[in-house]
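Student: I want to see how the labels used for a protein model follow from its values. Can we work through some?

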Amino acid sequence: MDYLKHIEKAIDYIEENLQHELTLADCAKVIGYSPYHFLRIFRDVVGLTPANYIRKRRITEISKEIIHGNSYISPIAFQYGFNSKENFVRAFKMEHHILPTEYKEAQNSLKLYERFRLETKDFSMLPRILEIQSFSLTVYKCDEEIIPNFWNKYNARGLSKKLSGGREVLDYGVSDFNHEENKLDYYIGIPSEYAAGDTQNTQKLCIPGGLYAIFSTPEATQDTFVSQIHGTWDYIKEWFKDSGYVRKSGYEFECYCEKSRRFSEDIYIPLEKK
């Protein structure tokens, strides 16, 4: 398994040089690989080509600077190797489906790509098992292939307050497997009782009452929130193996308030006993 140590060394080199020119040949040379061999092994281990990894990492670090720093976007982009503001804006929009200026204004959570690490941390939590009452949501249907990009548009463009007429309320993301089309449908919106604003292009979902497991995502920051959500969903799959419950068909949903800056959400999974 020496190749894992070699790839980790190459990642160390990449991380140390994100603000400098990085070529495939230079990265391969650090660990004594040919460019072709390095490309193949890196992609197998990391799941991305070196070029895609470098691009995602640079966009992530610039995203942090946009929110946490006081610099203008252009100098930060130049610092990380983008030769023009236009090139960076194009890359950012391709990654997150919103503009950097929209992100800076809304300061919403993004799915950032942190440094790849071979080791994984233990992830464990005990859900609450509760009976809930049925309720109705007024929602937009997802028009993005990647769900976090739909959340980006929803948050950056203030769609929650447009639905609520300006009130700050909980936002819900709802998953529903579409058996006819063999795909997952996803929706974002607010409780219908608060939908007093512009509801054009929305629809209503009735969430049935019943027994649910409620998982609260671990404490996070703005930068780590989305990755903690994904980690919680991965953990949920493992939790069911020894839980004594099975997932009941129907809506699974998550809820939180972006403007609260609390960076935690509750995930509801319908249950039935084995």
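Tutor: What follows is a set of short exchanges on labels and the values behind them.

Student: What kind of model is this, and how many helices and strands are in the chain?
Tutor: The model is predicted. The chain has 10 helices and nine strands. Its C-alpha atoms fill a box of roughly 60 × 45 × 35 Å along the principal axes. Of its 274 residues, 47% count as buried.

Student: Among contacts between residues at least 6 apart in sequence, what share joins residues at least 24 apart?
Tutor: That share is 70%.

Student: Start with the rings. Why is the pair of F215 and W239 called edge-to-face?
Tutor: Two values are needed. A pair of aromatic rings is described by the distance of the centres and the angle of the planes. For F215 and W239 the centres are 5.3 Å apart, and pairing requires them to lie within 6.5 Å. The planes stand at 85°, and over 60 counts as edge-to-face, so the label follows. The structure holds 21 aromatic pairs.

Student: What makes this pair a tie between parts apart in sequence?
Tutor: Look at where the partners sit. F215 belongs to strand β6, residues 210-216, and W239 to helix α10, residues 225-239. The pair therefore ties together parts 24 residues apart in sequence. Both F215 and W239 are buried.

Student: How do you know that F225 and Y256 are edge-to-face?
Tutor: By the angle between the planes, 65°, set against the cut-off of over 60. The centre-to-centre distance is 5.1 Å, and the limit for a pair is 6.5 Å.

Student: Which elements does that pair tie together?
Tutor: F225 lies in helix α10, and Y256 lies in strand β8, residues 252-256. The pair therefore joins parts 31 residues apart in sequence.

Student: Why are F225 and Y256 classed as they are for accessibility?
Tutor: Buried means under 20% relative accessible area. F225 has 1%, so F225 counts as buried. Y256 has 6%, so Y256 is buried too.

Student: Which residues form one aromatic cluster with F225 and Y256?
Tutor: Y140, W151, Y154 and F263 join F225 and Y256 in that cluster.

Student: What makes the phi of F263 worth a remark?
Tutor: Its sign. Most residues other than glycine have a negative phi. F263 is not a glycine, yet its phi is positive, about 55°. F263 lies in the loop between β8 and β9 (266-273).

Student: Is F263 buried or exposed?
Tutor: Buried. Its relative accessibility is 11%, under the 20% cut-off, so the label holds.

Student: Where is N201, and is N201 buried or exposed?
Tutor: N201 lies in the loop between β4 (183-191) and β5 (203-207). Its relative accessible area is 67%, over the 50% cut-off, so N201 is exposed. N201 also has a positive phi, near 65°, in a residue other than glycine.

Student: Now the helices. Why are α1 and α4 called oblique to each other?
Tutor: Two packed helices are described by the angle between their axes and the distance between the axes. Helix α1 (residues 2-16) and helix α4 (residues 50-68) have axes that cross at roughly 45° and come within 11 Å. Roughly parallel would need an angle under 35 degrees, and roughly perpendicular 65 to 115, so the pair is oblique. The crossing of α1 past α4 is right-handed.

Student: Which residues make the contact of α1 with α4?
Tutor: α1 brings I11, I14 and E15, and α4 brings Y53, I54 and R57. Four of these contact residues are nonpolar, none polar and two charged.

Student: How do you know that E61 is buried?
Tutor: Its relative accessibility is 17%, and the limit is 20%, so E61 counts as buried. E61 lies in helix α4. Beyond neighbours within four places in sequence, E61 is in contact with L18, Y80 and E114.

Student: And what makes N155 buried?
Tutor: N155 has a relative accessible area of 11%, under 20%, so N155 is buried. N155 sits in helix α8, residues 147-156. Apart from neighbours within four places in sequence, its contacts are A106, N108, Y256 and E258.

Student: Why is M94 called exposed?
Tutor: Exposed means over 50%, and M94 has a relative accessible area of 59%, so the label fits. M94 is found in helix α6, residues 85-96.

How values were computed: Residues are numbered from 1 along each chain as its sequence is written. This is a predicted model: local features need pLDDT of at least 70, side-chain atom pairs count only at pLDDT 80 or more; totals for chains, interfaces and linings use all residues. Side-chain values use heavy atoms; hydrogens and water are left out. Rings of Phe, Tyr and Trp (its six-membered ring) pair if their centres lie within 6.5 Å; planes under 30 degrees apart count as stacked, over 60 as edge-to-face and the rest as tilted. Helices (H or I, at least four residues) and strands (E, at least two) are DSSP runs, numbered from the N terminus. Buried means under 20% relative accessible area, exposed over 50%, partly exposed in between (1.4 Å probe, protein chains only). Contact means heavy atoms within 4.5 Å. Axes are lines fitted to C-alpha atoms, for helices over the stretch in contact, and angles run from 0 to 180 degrees between N-to-C directions. Angles under 35 degrees count as roughly parallel, over 145 as roughly antiparallel, 65 to 115 as roughly perpendicular and the rest as oblique. A crossing is left-handed if the near helix is turned anticlockwise from the far one by less than a right angle, and right-handed if clockwise. Ala, Val, Leu, Ile, Met, Phe, Trp, Tyr, Cys and Pro count as nonpolar, Asp, Glu, Lys and Arg as charged, and the others, Gly among them, as polar.
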